Amino acid sequence: MVITSGVVGALKLAVKAFTKKDDYVMIMKPVYYPFDASIQVNGRQIVECPLVFKDNHYECDFDVFEKQIIDHDVKMFILCNPHNPIGKVWTKDELYQIGTICQRHHVIVISDEIHMDFIYSGHQHVSFCNVNPSFGDICTAPLKTFNLAALQTPNIIIKMKLYVKNLNIKKMPQE
């Protein structure tokens with residue numbers, strides 16, 4: 001667990017650290033506007049997977065999601081869980097599909113879960129990293145829930161072994 005000054009700053013750092021100039025990073029629109037800036041400020045390209053409004057709720061077209069990844073050789077996907085500003089609470093099955101598709105195509109997933117305590121009645125937040133331990137890292141914070149933004153205490157839960165594997169390092173340093 002790493003403390004950071006902000007989730008948006010953590011997203012910018014993740015994009016810079018794990019992608020290269022002109023790589024494609026995917027987001028699902030509509031989404032919190034700083035996601036775009038986190039990608040563009042680092043000289044990366046935005047790929048959009050628009051969410052579909054159907055039967056009075058938003059959903060992901062997983063065929064389009066995977067096609068965008070393939071067509072643009074997407075290197076990273078920034079997930080908003082639950083989704084801001086539309087309030088979509090992703091189900092475990094939906095998160096599993098996202099994670100499985102991203103793993104199949106070697107796409108790094110960073111999940112912004114700062115709004116995890118703000119969900120509609122009758123829904124339950126499922127953390128992306130709890131769906132499958134190999135799926136990705138999450139950014140979270142007590143800031144939204146308790147109106148503590150001035151404290152700047154967001155945290156990132158990072159799975160180091162995943163990155164060690166991606167960086168082709170054969171042995172973890174001794175703790």
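What follows is a walk through the fold, the cores and a few individual residues of this protein.

The model is a predicted one. Its secondary structure adds up to seven helices and nine strands. Of the 175 residues in the protein, 45% are buried. As for how the chain folds back on itself, take the contacts with a separation of 6 or more: 66% of them join residues 24 or more positions apart. The accessible surface comes to about 9900 Å², and carbon and sulfur atoms hold 54% of that.

Strand β2 is a good place to start on the sheet. This strand, residues 24–27, pairs with β3, residues 45–48, in the parallel sense, and the pairing runs over four bridges. Within that pairing, Tyr24 has Gln45 of β3 as its bridge partner. To get from β2 to β3 the chain passes through helix α2 (residues 34–40), and the resulting β-α-β crossover is right-handed. β2 also pairs with β6, again in the parallel sense, this time over three bridges. Here Met26 stands opposite Phe77 of β6.

Gln45, the β3 residue just met, deserves a closer look. Its relative accessible area is 32%, so it counts as partly exposed. Setting aside neighbours within four places in sequence, Gln45 is in contact with Asp22, Asp23, Tyr24, Val25 and Ile39. One of these, Val25, is 20 residues away along the chain, yet the C-alpha atoms of Gln45 and Val25 are separated by 6.1 Å.

Now for the interior. In soluble globular proteins, nonpolar side chains tend to be buried together. In this model the largest nonpolar core has 24 residues, and Met28, Phe65, Phe77 and Ile98 are the ones with the most contacts inside it. The elements giving two or more residues to this core are α3 (62–72), β6 (74–80), α4 (92–104) and α5 (128–131). Helix α4 supplies the largest share, four residues. A second core, separate from that one, has 13 residues, among them Leu11, Val25, Cys80 and Ile110.

What does Phe77 touch, leaving out residues up to four places away in sequence? The list runs to Met26, Ile27, Met28, Phe65, Ile98, Cys102, Val107, Ile108, Val109 and Ile110. Among these contacts are Met28, Phe65 and Ile98, which share with Phe77 the distinction of having the most contacts inside the largest core. Met26, also on the list, is the residue that stands opposite Phe77 in the strand pairing.

The loops have their buried residues too. Val89 is placed in the loop between β6 and α4, and its relative accessibility is 9%, so Val89 counts as buried. Its C-alpha atom is separated by 6.4 Å from that of His125, a residue 36 positions apart from Val89 along the chain.

Lastly, the cysteines. The count of disulfides comes to zero. Why is Cys60 not bonded to Cys49, which holds the closest cysteine sulfur? The two sulfurs are 4.4 Å apart, and that is too far for a bond, because a disulfide needs them within 2.5 Å. Cys60 has a relative accessibility of 8%, so it counts as buried. Cys80, a member of the second core, is buried as well, with a relative accessible area of 3%.

Methods. Residues are numbered from 1 along each chain as its sequence is written. This is a predicted model: local features need pLDDT of at least 70, side-chain atom pairs count only at pLDDT 80 or more; totals for chains, interfaces and linings use all residues. Side-chain values use heavy atoms; hydrogens and water are left out. Buried means under 20% relative accessible area, exposed over 50%, partly exposed in between (1.4 Å probe, protein chains only). Contact means heavy atoms within 4.5 Å. Accessible areas come from the Shrake-Rupley method with a 1.4 Å probe; for residues, only the protein chains shown count as cover. A nonpolar core is a set of buried Ala, Val, Leu, Ile, Met, Phe, Trp, Tyr and Cys residues joined through side-chain atoms within 4.5 Å. Two strands pair if DSSP finds at least two bridges between them. A crossover is right-handed if, with the strands pointing away from the viewer, the path from the first strand over the helix to the second runs clockwise.
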